[in-house]
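Let's take a walk through a protein model together, from its overall build to a few individual side chains. Keep the viewer open so that you can find each residue as we reach it.

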Amino acid sequence: MDDLRLNVSLLRRKVPNLTSAARQVGLRSATVSNLCTGKIPVGRAEVRTLVALASLADCSLDNLILRGEKIEMIETKIKTLDLFAPLAKGGTVGLVARPGMGQLVVLAELLYRFKNEAYKTILLMPKGEHQGLNDLVENVEIITNTIEDTYECIANIGGDKDIMFVADRTHVITGGIQQLQENLQGIGIHSVTTFLVDLTGEVVDEDLPYGPLETFWQFDADLAARHRYPAVNPLSSTSTVLEGAHLDQEHFTIQQKALKLLRRYRELRSLVNVSGIERIPTSELQTYQRGEKLEAYLTQPFYTAEPFTNKPGQSVSLKDTLNDVQEIMNGALDSRDASELVFIGSLQS
């Protein structure tokens, strides 16, 4: 059962307004979202849920559920993304944040990294003025102004090149993104990884604001307020890459242990904020301190931010990230202060 997953691209094409459609047939938006991103394995889904989704998409269960297909991960060398919510190659990524949480900084950094690794990078220019938009423009190779221009551009590039494409949510609402993806698949181009962003912050208050996604990055107000960047919430961000059949077992085990530690650390931190660290039970003090170190370690200096931070950008391989996180959780860094781990690269460097 571990090798089952939803055919998210089919759902996206057939049911662009999945949130409202799911509600109309009595499905919870959160359940549908968690199924799409793999947070709820297909093997644990209720049969009636799968039947309802197949009915919405006007397809058979065999077409809705894919078996044994490997989802390829794109390694960004950004620690928190690769560990907790990896990029699915050729999938769609949704960023959920209010303005000021650093989502455009993360996108600009990704575009910078991808461009330097010979990916084709394309930005469908959002309408209006937005703080941080210039950073995207500076780090992208190709800028388009309409969905039609984007289609022509990608069609000319062809299916041999891996493409990173960024667009604003307004094109999701109009159905333009779904149509673009369908048209590209129609001419055999499956190598486009799409990043969807909402510059108004309205997505924070909506269920499934982008429709079905392969990767979901939710930004965290508390992390941003404490300048713990990138402020991507590891507890609520997820990816289809995390489904057991597609993930290296070591990655899965360490990721699950790290999530458990961070979840308990956040609970204890709430207690500390109200009553002080002396109120933490002695038996929980180690958990709190290791969680604090892990959260600090997950910050990372970006190349695109060097002029502002005076810190050189850092790339950390997934292998090094897994080793470092394991060491923090095993207590190898218990003698070090959490402040020593803020905005570093790997522990090995």
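What follows starts with the whole chain, goes inward to the cores, and then turns to salt bridges and some places at the surface.

Please keep in mind that this is a predicted model. The protein chain has 349 residues, and a compact globule with that many would have a radius of gyration near 20 Å; the chain has 20 Å, which agrees. Along its principal axes, the C-alpha trace spans about 60 × 50 × 35 Å. The secondary structure comes to 16 helices and 11 strands.

How do the residues pack within that outline? Buried residues make up 52% of the 349. If you take the contacts between residues at least 6 apart in sequence, 74% of them join residues at least 24 apart. On the outside, the protein chain exposes about 15,700 Å², with carbon and sulfur atoms supplying 47% of that area.

Now let's go inside. The largest nonpolar core has 34 residues, and those touching the most other members are Leu107, Leu110, Phe114, Leu136, Phe195, Trp217 and Phe219. Two or more residues of this core come from each of the elements β5 (92-96), α7 (103-116), α8 (133-138), β8 (163-168), β9 (192-197) and α12 (221-225). Helix α7 gives the largest share, with 7 residues. Apart from this core lies another one, of 24 residues, which includes Leu6, Leu18, Val42 and Ala54.

Tryptophan 217 is a good residue to click on. Which residues does tryptophan 217 contact, leaving aside its neighbours within four places in sequence? Its partners are Leu81, Ala85, Leu87, Val93, Gly94, Leu95, Val96, Leu110, Phe195, Val232 and Ser237. Two of these names, Leu110 and Phe195, will be familiar from the list of core residues that touch the most other members.

Next come the charged side chains. Side chains of opposite charge can pair when their charged atoms come close. The structure holds 18 salt bridges, and three of them are worth a visit here. In one, the side chains of arginine 98 and aspartate 205 meet with N and O 3.0 Å apart. Arginine 98 sits in the loop between β5 and α7, while aspartate 205 sits in the loop between β9 and β10 (215-218), so this pair ties together parts that are 107 residues apart in sequence. Arginine 98 counts as partly exposed, at 35% relative accessibility, whereas aspartate 205 counts as exposed, at 59%.

In another salt bridge, the side chains of arginine 226 and glutamate 295 meet at 2.9 Å, N to O. Arginine 226 belongs to the loop between α12 and β11 (238-239) and glutamate 295 to helix α14 (residues 282-297), so the parts tied together are 69 residues apart in sequence. Is glutamate 295 buried or exposed? Glutamate 295 has a relative accessible area of 8%, and because the cut-off for buried is under 20%, it counts as buried.

The third pair is local. Arginine 264 forms a salt bridge with glutamate 267, their closest N and O atoms being 2.7 Å apart. Both residues lie in helix α13 (residues 249-275), 3 residues apart, which is about one turn of the helix. Each is partly exposed: arginine 264 has a relative accessible area of 29%, and glutamate 267 has 45%. Elsewhere, salt bridges that share partners join Asp222, Arg226, Arg228, Arg269 and Glu295 into one network.

Let's finish with some places at the surface. Val47, Val51 and Leu61 make a nonpolar surface patch of about 250 Å². Leucine 61 is in helix α5 (residues 61-64) and is partly exposed, with a relative accessible area of 36%. Arginine 48 is found in helix α4 (residues 47-56) and counts as partly exposed at 48% relative accessibility. Not counting residues up to four places away in sequence, arginine 48 touches Gly26 and Leu27. The C-alpha atoms of arginine 48 and leucine 64 are separated by 13 Å, with the two residues 16 apart along the chain.

The last stop is alanine 155, in helix α9 (residues 147-157). Alanine 155 is partly exposed, at 28% relative accessible area. Leaving aside neighbours within four places in sequence, alanine 155 is in contact with Ile187 and Ile189. The C-alpha atoms of alanine 155 and glycine 188, 33 residues apart along the chain, are separated by 9.6 Å.

Note on methods
Residues numbered from 1 in each chain as written. Predicted model: local features only at pLDDT ≥ 70, side-chain atom pairs only at ≥ 80, totals over all residues. Heavy atoms only, no water. Patch = residues over 30% accessible without salt bridge, like charges linked within 9 Å, V, L, I, M, F, W, Y side chains within 5 Å. Areas by Shrake-Rupley, 256 points an atom, 1.4 Å probe, with all protein chains shown as cover. Salt bridge = Lys/Arg side-chain N within 4 Å of Asp/Glu carboxyl O. Helix = DSSP H or I, 4+ residues; strand = E, 2+ residues; numbered from the N terminus. Buried < 20%, exposed > 50% of the residue type's maximum accessible area, 1.4 Å probe, protein only. Rg over C-alpha atoms; globule rule 2.2 N^0.38 Å. Contact = heavy atoms within 4.5 Å. Core = buried A, V, L, I, M, F, W, Y, C linked by side-chain atoms within 4.5 Å.
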